[in-house]
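Got your viewer open? Load the model and follow along, one selection at a time.

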Amino acid sequence: MERIRCNKCKIEMTPDIIYTHFPRGKLPVRGYRCEKCGYEMIPLEEAKRVQDEAEILGLYGAPNPLTGRNVTRSGNNLSVYIPKEYEKKLDLKKGTPIRMWLQGDTICIEPEKT
Ligand SMILES: [Zn+2]
């Protein structure tokens, strides 16, 4: 790793694992820490890599969530109504096959590509 100096203290920074926080979690990155003032530095390419990873893992959370909705019951099962807007946008019909999975505590649904 290259040698990097703290802008303030002018001493060499120590390579360290730094946790980058996102709205829905945190990820470790290889960065540098100043032993004297605690300043943390993450190289640009590492910052970019971790942002891409967070995007893939959904750590930024929902960008534009619908709120004020509730789970309902249909027979023995719990169900959620799909908003008309989503129905149109994704061209969903009764019987459209979907895939569903859990991402942490989030339920994800996507139409199966045919
Ligand atoms: Zn420093």
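For the first stop, count two residues as in contact if their C-beta atoms, placed from the backbone, lie within 7 Å. This is a predicted model, and among its contacts between residues at least 6 apart in sequence, 33% join residues at least 24 apart.

Now show the whole chain as a cartoon. You should find 2 helices and 7 strands, and walking from the N terminus they come in the order β-β-β-α-β-β-α-β-β. The radius of gyration is 22 Å, well over the 13 Å that the globule rule gives for 114 residues, so the chain is more spread out than a compact globule. Draw a box along the principal axes and the C-alpha atoms fill roughly 65 × 30 × 20 Å. Colour by burial next: buried residues make up 5% of the 114.

Select 14–57 and then 72–111: these are domain 1 and domain 2 in the domain assignment. How far apart are their centres? Taken over C-alpha atoms, 35 Å separate them.

Zoom in on domain 1, which starts at residue 14. Pick residues 14–22 (strand E1) and 25–33 (strand E2); the two strands run antiparallel and share 9 bridges. A hairpin of 2 residues links E1 to E2. Click Ile-17 and look across: Arg-30 in E2 is opposite.

Last, add residues 40–41, strand E3, which pairs with E2 in the antiparallel sense over 2 bridges. Here Tyr-32 faces Met-41 of E3 across the pairing. The E2–E3 hairpin has 6 residues between its strands, and in the turn Gly-38 has a positive phi of about 85°.

Conventions:
Residues are numbered from 1 along each chain as its sequence is written. This is a predicted model: local features need pLDDT of at least 70, side-chain atom pairs count only at pLDDT 80 or more; totals for chains, interfaces and linings use all residues. Two strands pair if DSSP finds at least two bridges between them. Helices (H or I, at least four residues) and strands (E, at least two) are DSSP runs, numbered from the N terminus. Domain bounds come from an automatic or database domain assignment. The radius of gyration is taken over C-alpha atoms; the globule rule is 2.2 Å times the number of residues to the power 0.38. A residue is buried if 20 or more other C-beta atoms lie within 10 Å of its own, exposed if 12 or fewer, and partly exposed in between; C-beta atoms are placed from the backbone.
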